Structures are given as C-alpha cells and as structure tokens.
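Here is a short briefing on one protein structure. Look at the sequence and the model first, then read the points below.

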Amino acid sequence: MSLRLGDIVPNFQAETTNGPIDFYEFLGDSWGILFSHPADYTPVCTTELGFTAKLGEEFAKRNVKVLAVSVDPLESHHGWKKDIEETQGCLVNFPIIADENKVVAGLYDMIHPNASEKATVRSLFVIGPDKKLKLSITYPASTGRNFNEVLRVVDSLQLTANYSVATPANWNHGEDVIVVPAVSTEDAIKKFPKGVKVVKPYLRYTPQPNVES
Ligand code: BEZ
C-alpha cells in the first residue's frame, strides 16, 4: 500500500555509494529527502542529481539529509556519479542507493507498473525528524523535478511545524504567511506581535514569524 501523509515511513538497510546504511540511523534527528530516479546513465536523471548536489549547502542549512535511489547496481552508480560530476560540474556527496532487489522501491511504492514494469518513477518523499511522511510527489520519467520547489516546500514544512501558520499560493521564504483557521483573531494578535492583517475573518496574514523584519 502506498504511504500517506502522516504515516511513519519504513526503515531499511541498503548498499549505497557512501557505504552500507540503516535509513533511520542515516537520518538521525534530521529531516530527510528520499528520491528515486528511473535509471543510471539517463539524461534527465543526470541533471536532477547534479542540481541536487549543487544545492547541498541549502539542504544542510535546513538540516535535511538527501538520499537517492535507483534499481541499478552499485558499480553502475559509481561510474555514473563520475559522469554527473564531469557534466554538471559538482561533487555528488549524498549517497545513491543500489536497490537491485527493489526492496526500497517496494517499501515506498516507487514502481508504477502501468508507467514502467521495471524502473522506478520519479518519487520524492520529505520525512520529518519524527520519521513521519510530510510530503510526497510523483513525476513521470520524462519530466525532471524542480528542486528549488523542493527547497521552498521544506521551508514551508519547517515553518508550519513550529508556528500556527500556513503558507499561501506561491509563497517564498520571507513573505507574509496565513494565520491558521484554528487560531482566533484575538489570539492571533497576541501570538504574532509583528501584526495581523484581516482581509476576511478566515483570511488573515502576518509577517513570517521566524525571520528578522
Ligand atoms: C532520463 O532520466 O532522462 C529518462 C529516463 C527514463 C525515460 C526518459 C528519460
């Protein structure tokens, strides 16, 4: 059965380009991103892994550990990693799982037989420090994911985990946020000293609480 938001994600042990790992131990108290790609030595995947590697500092700033997976063997991953570094101009420091037996792909429902019998689709899971699933997206092989969007979503998830706010359409870090409906306007004024703008009784904005303004 597929994973749903709020579910505890399954643990696993796997061989990776950085050595064997236990997923939960790898994550520790960090946030995690587990993402699959259809196959090694393919063009879109090459750009995706390269771009993710380039965002390494951004993920580290947010305390997010990244882990890639495909069903190709370790030797293939090592060779392809060199190609990614050569063509994308970056070092791939995060581990890539060699899921030849499709254990991880099975646990996380990454093979969608009507899309491809054998290859994983482009699944991406954001996992919280509590090991619960916070977000999942699925793209087809032909469409590379937007990893700036993944960072934007992590910013929203980390903010809304700590404050009684939600983020509006197209929100970016630093912009005004929405007071959640569960908080009355009277309480919101006390909770958010930077101010509350009431557009409608159910639509109330406040400056992002965890940034200097
Ligand atoms: C790619 O990563 O470029 C790719 C993989 C499978 C099908 C189409 C594109």
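In this predicted model, strand β4 covers residues 64–70, and 6 of its 7 residues are buried, so the strand is largely enclosed by the rest of the structure. Buried here means under 20% relative accessible area. The points below cover the strands that pair with β4, a helix that holds one of the cysteines, and the surroundings of the ligand.

**Strand β4 and its partners**

- Strand β3, residues 31–36, pairs with β4 in the parallel sense, over 6 bridges.
- Within this pairing, Trp 31 has Val 64 of β4 as its bridge partner.
- Strand β5, residues 96–98, also pairs with β4. This pairing is parallel and runs over 3 bridges.
- Ala 68 has its bridge partner in β5, namely Ile 96.
- Helix α4, residues 74–88, joins β4 and β5 in a β-α-β unit, and the unit is right-handed.
- As a general point, side chains in a regular strand alternate between the two faces of the sheet.

**Helix α2**

- Helix α2 spans residues 43–54, which is 12 residues.
- From its first C-alpha to its last, α2 reaches 17 Å, close to the 16 Å expected at 1.5 Å a residue.
- Which residues of α2 are buried? They are Cys 45, Thr 46, Glu 48, Leu 49, Gly 50, Thr 52 and Ala 53.

**Cysteines**

- A disulfide is a covalent bond between the sulfur atoms of two cysteines.
- How many disulfides does the structure hold? The number is 0.
- Cys 90 is in no disulfide, and the nearest cysteine sulfur, which belongs to Cys 45, is 14 Å away. The cut-off for a disulfide is 2.5 Å between the sulfur atoms.
- Cys 45 has a relative accessibility of 1%, so this residue counts as buried.
- Cys 90 has a relative accessible area of 12%, and therefore Cys 90 is buried too.

**Surroundings of the ligand**

- Thr 42, Pro 43, Val 44, Cys 45, Arg 122 and Ala 141 surround the ligand.
- Cys 45 is thus listed both among the buried residues of α2 and among the residues around the ligand.
- A polar backbone atom of Pro 43 is 3.2 Å from an oxygen atom of the ligand.
- For Val 44, a backbone N or O atom lies 2.5 Å from an oxygen atom of the ligand.
- For Cys 45, the distance from a polar backbone atom to an oxygen atom of the ligand is 2.9 Å.

How values were computed: Residues numbered from 1 in each chain as written. Predicted model: local features only at pLDDT ≥ 70, side-chain atom pairs only at ≥ 80, totals over all residues. Heavy atoms only, no water. Buried < 20%, exposed > 50% of the residue type's maximum accessible area, 1.4 Å probe, protein only. Helix = DSSP H or I, 4+ residues; strand = E, 2+ residues; numbered from the N terminus. Pairing = 2+ DSSP bridges. Right-handed = clockwise from strand over helix to strand, strands pointing away. Expected span 1.5 Å × (residues − 1). Near = heavy atom within 4 Å. Polar contact = N/O pair within 3.5 Å; in protein donor to acceptor, adjacent residues only side chain to side chain.
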